[in-house]
Each structure stands twice: as structure tokens, then as C-alpha cells.
Amino acid sequence: MSARARVKAVLGPTNTGKTHLAIERMLGHVSGMIGLPLRLLAREVYDKVVAAKGEAAAALITGEEKIVPETARYFVCTVESMPLDKAVEFVAIDEIQVATDLDRGHVFTDRILNQRGFGETMLLGAETMRPMIRKLLPEAEVSRRERMSTLNYSGHRKITKLPKRSALVAFSAEEVYAIAELLRRHRGGAAVVMGALSPRTRNAQVELYQSGEVDFLVATDAIGMGLNMDVDHVAFASRRKFDGHSWRDLRADEIAQIAGRAGRYTRDGAFGETGECAPFDEDLIERVEAHEFESVVAVQWRNEKLNFESVERLIATLAQPPEQPGLIRVRGADDEGVLLRLAGDDDLMDRINGQAGVRRLWEACQLPDFRKATPDEHATLVGRIANYILSGKGRIPAEWAEAEVEKLNRPDGDLDALQARLAHVRTWTYAANRADWLEDADYWRGRTREVEDRLSDALHAALTQRFIDRRTSALLKGLKREEAMLAGVSEEGEVTVEGHFVGQLDGLDFKPDPRATGGVEGRALRNAAMRALRPEVSRRLARIAAASDSDFTLLRDGRVRVDGAVVARLTPKQSVLKPRLELVGGADAGALERSAAHERLELWLAQTVAHDLRPLVQLEAAWRDGKLPADARGLAFRLIENAGALDRAKEDIEHISAASLSALAKAGVRVGRHTIFMSGLLKPRAAQTLAILWHAAHPGEPRSVFVARPGALSVQLDRHRHWGECAAAGYRACGRVAVRFDIIERLADAIAAAPLPPDGALARIVGRPVRELPVILGSLGYRQVQAQEGAPAHWVLGQRQRKPPRPRPPSPDNAFAALANLLPASEQPPRRRRRRA
């Protein structure tokens with residue numbers, strides 16, 4: 001960088017034209033480079049540069065895509081992929097506030113400190129970075145740009161009442177899909193944008209929105225990083241996100257970054273909440289509207305002067321702390337974690353030869369975890385790649401690469417399967433863009449791009465089919481206009497034909513009158529009835545498809561009621577966390593109508609399970625995602641399989657460490673003296689939902705579902721009920737009394753305390769008469785003992801000592817019995833007489 005080269009920081013909120021300014025400045029120089037925070041945004045800017053300067057002058061460099069003509073003068077990159085040895089006249093780094101990010105921040109900090117154009121360098125970002133720029137680069141020129149339009153808070157609105165040209169923001173794929181599904185049924189559909197989508201899929205989805213084919217966009221916070229669309233309103237369906245380390249509330253500046261997508265250029269925008277998003281407080285709203293946020297006081301940093309003489313020295317220099325104030329050494333980075341794991345692999349360490357080998361190992365460790373696998377799984381993959389590139393030809397075998405890529409070359413499956421394959425193929429796309437990892441890198445770049453494009457197109461088609469079903473939408477609208485054709489069916493569901501009562505329509509199920517079904521006349525009446533029923537059944541199916549959550553009721557027998565009539569029932573033998581429903585009746589209706597109603601019912605049921613059984617759902621997610629310690633996973637799995645409750649006496653938990661038990665406790669699991677259960681499932685609504693779902697999952701059980709009245713400590717049982725029946729409702733059968741799990745543990749704690757309370761006090765704990773106490777405690781394994789004669793008896797936990805078994809006489813069929821028969825009668829052993837049953 002020459003002495004006259006300028007460093008200029010352009011700061012301000014969203015919609016100030018900072019990125020546009022940087023592109024214009026870059027194209028005004030002979031050569032330039034711009035680093036952007038997202039691959040999607042890099043592709044968007046690259047297309048603009050190509051349009052302005054032609055393909056020969058533009059280069060695109062990301063971790064998974066490289067388009068670099070020999071005549072390229074303008075380089076559009078993700079920040080991580082900016083070539084450090086490329087000399088250009090102009091350099092720009094966008095969204096510099098990402099330097100605070102725990103995972104990627106150190107890369108942005110390095111570029112801020114070290115990446116320079118020999119003519120001009122421009123840093124773009126939020127006003128919150130002003131103090132850091134002053135501290136790190138005191139010579140830099142700092143200017144502020146004002147927003148071109150205003151951003152106003154509009155309050156909470158229902159998802160189905162949001163204005164057109166709205167973007168709804170959520171922070172999980174499940175929530176994004178649920179919202180898009182709801183919009184499909186009520187508002188005609190929605191486009192979907194998530195950071196995990198490939199640029200090809202994302203662009204196709206955005207085009208659906210930009211063209212006006214749909215009026216709604218459902219997205220993650222990926223839209224907050226400079227993706228410009230015609231959005232008038234941003235609605236937050238959630239304000240909590242997982243930042244890669246933990247779930248937390250969004251900061252005010254993060255809310256403003258996302259909300260700022262509304263109102264592009266001079267058109268004003270609005271933001272607010274929707275769905276179950278917690279309301280924003282007045283102070284936060286004022287700060288977002290005024291763009292006033294707390295300044296950044298420190299950014300993430302990593303030592304750029306790494307020592308590659310040995311793996312040990314590399315690890316030591318990575319751990320070196322910064323000397324300059326305002327910098328924090330990055331901790332817990334994925335690449336460092338992989339390096340530390342592989343450093344313990346003696347076979348791999350033996351393959352390393354000199355600085356070149358250490359550097360090559362470090363390059364392998366920097367493979368991004370596109371799959372979002374566990375640390376051990378990711379380290380295993382990196383270790384295998386490192387073994388190949390550090391030995392023999394120093395290349396990944398083409399046979400292995402071809403087998404892995406071909407496994408992913410399948411456009412079938414649901415959304416999750418397609419997204420998983422896309423994430424996996426990104427690993428190979430990244431490898432293909434390392435020219436020294438694979439032979440014939442050009443072939444592999446084309447091959448992985450071909451597979452990625454094929455999967456991207458399939459994912460776009462699947463998203464469109466699921467969330468923009470024009471035929472179903474048009475059908476539902478048409479059914480609502482056919483109210484005049486409901487002749488022949490009364491409000492009570494009585495079906496008449498020419499004045500003759502021919503049956504009753506109960507929900508969707510038609511029950512014909514036996515008196516009107518005989519003979520030719522009866523058959524004619526029934527055929528006429530069915531013709532009259534079709535529009536009414538269609539109307540009821542449409543009503544179900546458009547019903548709100550409050551219109552559905554799950555009955556104790558597993559049936560679902562809408563508007564006072566049963567329309568569906570739980571499918572037997574399904575998991576309590578993944579129940580299914582089947583319609584009751586309506587078999588003659590159209591397939592699309594039934595499908596729309598069935599999908600709405602299943603969506604409501606899935607949301608009910610997610611809400612009511614949240615502790616169990618979260619435990620299952622923690623188990624599935626490998627967030628629990630290894631020695632706790634088995635117990636967690638058994639809890640999930642057994643509706644969140646286990647008999648402590650039947651569980652071996654001695655091998656589980658205290659730290660793992662603590663992790664289970666944080667996940668809501670309580671390990672009591674008698675029961676292992678989840679306190680959150682004892683709430684009345686959760687207990688009732690779980691009991692109903694458990695009963696449906698076990699169709700061989702008696703017909704009546706055990707559900708206690710809300711707040712009951714114990715319940716008198718009308719018959720014998722085994723463990724699962726009561727446990728699903730949060731109770732344990734103790735003889736003919738069911739006692740709630742937490743009350744049993746309270747009773748056990750009272751018995752273990754000193755001095756022991758009298759029986760009357762113990763009986764009051766469970767809310768039962770004293771006379772029932774011995775049966776309750778006996779079923780739990782307690783017995784009464786006296787310390788000494790005349791002293792009052794007290795309860796202790798443990799079984800009675802059994803007398804040693806009496807020796808049984810030998811069987812008359814064995815050899816010893818034959819010998820005994822040779823003895824005189826007076827010396828033969830006595831024979832035991834069998835008792836009659």
C-alpha cells in the first residue's frame with residue numbers, strides 16, 4: 001500500500017446505499033476487490049459487475065465457487081476467500097460489524113487490519129463500529145450515511161392478516177416451513193429464503209417473490225445481510241436465535257439489520273411482530289427507529305503470524321493473545337478444534353513432513369462444516385482428507401470422491417433430504433476448488449457444480465410445490481363461493497331428499513338411515529343424498545383447511561373435533577412425538593380437498609405436540625443433535641421412547657457421571673428416588689396431551705384414557721392400571737391409588753428426613769387417608785421396622801429378608817432319586833405334597 005493510499009470507513013444503517021457506493025467506486029478503478037459476508041450476496045454483486053464490465057473482467061471467488069478468467073480485474077469474494085496476495089487498486093470489505101461474531105469475526109478483523117488496495121480501501125458497516133475503527137485505524141477517514149427512507153414500528157399482526165409484500169423472519173427451518181404452509185392455505189403461498197439454500201435455489205425463490213407470483217417471503221436472518229428485495233413490511237415470528245453456541249434473544253442492532261430490509265431506497269418500511277413472537281419493548285423500538293445502538297468495544301482476533309515449523313508451534317501461535325487493546329483472541333473456532341483433535345492421531349502426525357506438511361494439515365482443518373455434523377464426525381472427515389493429501393500422491397482418490405458425489409446425485413426425497421444432500425455436496429464443491437486436493441480439479445469443479453445445480457432445481461421445485469399450491473388454493477376459494485348449493489343438509493346435519501330423511505351427516509361422516517336404504521327407491525334416494533352431500537362435505541373440508549388452531553379440540557379418545565363435530569382421529573401405533581391423523585368420513589370428496597384438510601389437521605397436531613410437549617421435544621432434539629454427553633444419551637433415549645418417565649428401580653444409572661446428570665437436569669430431566677421424569681410434562685395440558693397420544697400409540701390397552709383432574713396430588717383408580725397408562729399422565733400406580741411423580745418424590749424426601757414425620761403428615765403429602773398409606777408405601781418398596789422393642793415403627797426403603805429356600809427333593813427321573821429308591825422305606829426322604837391351586 002502506498003503512502004498516499006486512503007482508508008475510508010463508510011458507516012450507517014441499512015438502506016443507505018453503502019454497498020452500491022463501494023461497487024461504483026471499485027468499477028471506477030482499474031482493478032478492485034470486494035469482500036462480502038455471504039456467498040449469496042457475492043453472487044448477486046458478481047452478476048452486477050458482469051453486467052457492467054463483462055465476464056472477462058469479473059471474477060467470483062467463494063469457498064465453493066471460483067470463476068477466475070485470466071483477464072479478470074474485479075474480484076468479488078466472500079471475506080474468507082479474499083486472495084491475500086492479489087494486488088489491486090481498490091479494496092472494500094462489507095458488513096465489518098461481523099468482526100464481533102464468535103465464529104467468523106477473526107477473519108473480518110484480519111481483513112480490516114491487513115487487506116488494502118494500493119489506491120483506496122473502503123470499510124462498510126454499522127455505525128456501532130466507529131469507536132473500533134478509531135482505535136484500530138486512527139488514520140482512517142470516517143463518514144456516516146443516512147437512511148434513504150424511514151423505518152416505523154407497526155405492532156403485532158396475525159400471520160394471516162399481514163399486508164402484501166411482507167417478509168416473515170424465523171430462526172429454524174421447521175418454523176419457516178410451518179409459516180410458509182400456513183400462508184399457502186390462507187394467502188396463496190410464499191417464497192422461502194434460508195442461508196442453507198444454494199444461490200441457484202435462493203435466486204429462483206426470490207424471483208417468485210419479485211415477480212409478484214407470491215406476495216410473501218418467509219426467511220431466516222439471511223435476508224439481513226444486504227439481500228435487496230421489494231419488501232414493505234418485516235414481521236418477526238421469533239426473536240430468539242441459535243448463534244452456533246446457544247439460544248439467545250436478538251440484540252437491538254440485529255433486529256434493525258433485519259428490519260431494515262423493509263422500505264428500500266426512498267420507500268418507507270415497517271416492522272413488527274407476528275405469530276408467537278414476544279413483543280418488543282418501547283426502548284428497543286425507539287432505538288431501532290432512530291438507529292441508535294451500543295458501540296462495539298471489542299472484536300474477535302487471531303494471530304496472523306502462524307509458525308508452521310511443527311504442529312505444536314502452530315497450536316502455540318494460534319493461542320497467542322493480542323497485544324493491541326480492543327482485540328479478543330478467538331476461542332472455540334471449528335478449525336482449531338479439528339486441529340487439536342487430529343494432533344492426537346499419531347499415524348497422521350507421522351505423515352507430516354516439514355513446514356509444507358503442517359501448512360497442508362492446517363488447510364485441511366479449515367474445511368467448513370457444511371453438514372453441521374458433530375465435532376467428532378467433522379474431525380473424522382477432515383482427518384481422512386488430511387491423510388490422503390499428506391501421503392502418496394498428495395491427492396484425494398478419485399474413486400472415493402466419485403462414490404461420495406454419486407451418492408448425493410439424487411433429486412428425489414423431501415425437503416430435508418434434498419437440503420442434507422446439498423449441504424454434503426458443498427463439502428466436495430469446496431474440495432474441488434482446492435486445486436491441490438484433487439487430480440483434474442477442473443473436472444471436479446464441473447462435476448460438483450452439475451450435482452449442486454440438479455439438487456438446487458429439485459429443491460426449488462419441492463419448495464414451490466409444497467408452499468405454492470395454486471390448485472388447492474383455487475379449489476378452496478371456489479368451495480367458499482358455493483354456499484348456495486347446500487340444499488338438502490340442515491344446520492344439524494340432517495340430510496333430506498325430496499322431504500325424505502335419509503341420514504345424518506356427522507362431521508364428514510355420513511350415517512344413512514336404515515329405513516331409507518332398501519329397494520330401488522332407497523338406492524335412488526341415497527344416490528341423490530350423496531349428490532347433495534358433496535358440496536356440504538367440500539364446504540366442511542374447506543372449513544377445516546382454513547380453521548384456526550382454537551377451532552380444533554383433541555378429545556380423550558383420540559378423536560379431533562371441529563365446530564362440535566368429530567372429523568379425524570389419531571392413527572394407532574404412532575410415536576407420541578410424531579403422531580398422525582386420519583380423516584373420519586369424507587371418502588367421496590376430491591383428493592385435493594381431503595389433502596388440504598388433512599394437512600391442516602396434521603399441522604395443528606404437530607404444533608400442539610411442539611407446544612404442549614416442549615420439554616420432551618427439546619430433549620429429543622438434544623439427543624438427536626448429539627448435544628448430550630455420551631453416557632447420558634442412553635437414558636435420554638429411553639425417556640423419549642417411554643413418554644418421558646422411567647421407573648428408577650429398573651434403570652442402571654450408576655455409570656452416568658455427575659456432569660452428565662447435571663446436563664440432563666438442564667434439559668428438564670429429574671432423577672428422583674423412585675422415578676426419572678420431566679417436571680415440565682406434569683402440567684395439566686402437557687399431561688393430558690401426552691396421555692391421549694400414548695393411549696393412541698398403544699391400541700391394545702383398555703379404551704378409557706387415564707387423565708387426572710388438574711392439580712390432583714393423587715387419584716383413586718377404578719381398576720388396575722399398569723405403569724405406562726399412569727406414567728403418560730404424570731402419575732404412578734400405587735395399588736388402587738395413582739400418585740403424581742413429584743408428590744412421590746416429596747414423600748420419599750420426607751421419609752428420608754430426620755426426624756420422620758408421623759403417618760398422618762405423610763398421608764397429607766399424597767392427599768390420601770392414613771389407612772391407604774401402607775399400600776402406597778409398600779408398592780414403592782418401603783416396610784415398617786422397629787429399632788427396638790417398644791419403640792415406634794418407622795418406614796425404611798428395602799425388601800424384607802427372605803428365608804433361605806428349603807432343599808427340594810430330587811426329581812424321580814434323575815439318578816439320585818433312583819438311588820434313594822433302593823433305601824429301606826424308613827430311611828427314604830419324605831415326599832412334599834403339592835398344594836392345590
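How many bridges join strand 29 to strand 31, and in which direction do the two strands run? Select strand 31 (residues 737-740) together with strand 29: three bridges join them, and the strands run antiparallel.

Before going on, note what kind of model this is. This is a predicted model, in which local features need pLDDT of at least 70 and side-chain atom pairs count only at pLDDT 80 or more, while totals for chains, interfaces and linings use all residues. Residues are numbered from 1 along each chain as its sequence is written, and side-chain values use heavy atoms, with hydrogens and water left out.

**Stop 1: the three-stranded sheet**

Strands 29, 31 and 30 form an open antiparallel sheet, in the order 29-31-30. Strands here are DSSP runs of E with at least two residues, helices are runs of H or I with at least four, and both are numbered from the N terminus. Two strands pair if DSSP finds at least two bridges between them. Strand 29 (714-716) and strand 30 (731-734) are the edge strands, each pairing on one side only. On average, neighbouring strands of this sheet are turned by 25° against each other, direction ignored. Now pick Gln716; its bridge partner in strand 31 is Val737.

Add helix 25 (residues 741-752), which packs on the sheet and touches strand 30 and strand 31. The direction of helix 25 makes about 85° with that of strand 31. Such angles run from 0 to 180 degrees between N-to-C directions, with axes fitted to C-alpha atoms, for helices over the stretch in contact. Contact means heavy atoms within 4.5 Å.

**Stop 2: the six-stranded sheet**

Next, select the six strands of the open sheet with the order 9-16-13-10-12-11, whose pairing is parallel. Its edge strands are strand 9 (151-153) and strand 11 (191-193). Strand 9 is joined by three bridges to strand 16 (residues 269-273). One pair to pick is Asn152 with its bridge partner in strand 16, Ala270. Helix 6 (residues 199-210) lies across strand 10 (166-169), strand 11 and strand 12 (216-219), and runs at about 140° to strand 11.

**Stop 3: helix 9**

Show the side chains of helix 9 (residues 311-318). Its buried residues (under 20% relative accessible area, with exposed meaning over 50% and partly exposed in between; 1.4 Å probe, protein chains only) are Val311, Leu314, Thr317 and Leu318. Seen down the helix axis, these buried residues fall within an arc of 125°, so they line one face of helix 9. The arc is taken from the directions between the helix axis and the C-beta atoms. An α-helix has 3.6 residues a turn, so residues three or four places apart point the same way. Among the elements covering the buried residues of helix 9 are strand 18 (327-329) and helix 12 (354-365).

**Stop 4: two loop residues**

Lys573 lies in the loop between strand 24 (565-570) and strand 25 (581-583). Its phi is near 60°, a positive value in a residue other than glycine. Lys573 counts as exposed, at 66% relative accessibility. Ala643, in the loop between helix 21 (630-641) and strand 26 (645-647), also has a phi near 60°. Ala643 is buried, with a relative accessible area of 4%.

**Stop 5: confidence**

Finally, colour the chain by pLDDT, the predictor's confidence in each residue, from 0 to 100. The chain averages 86. Confidence is highest in strand 6 (residues 90-93), at 97, and lowest in helix 17 (residues 470-480), at a mean of 39.
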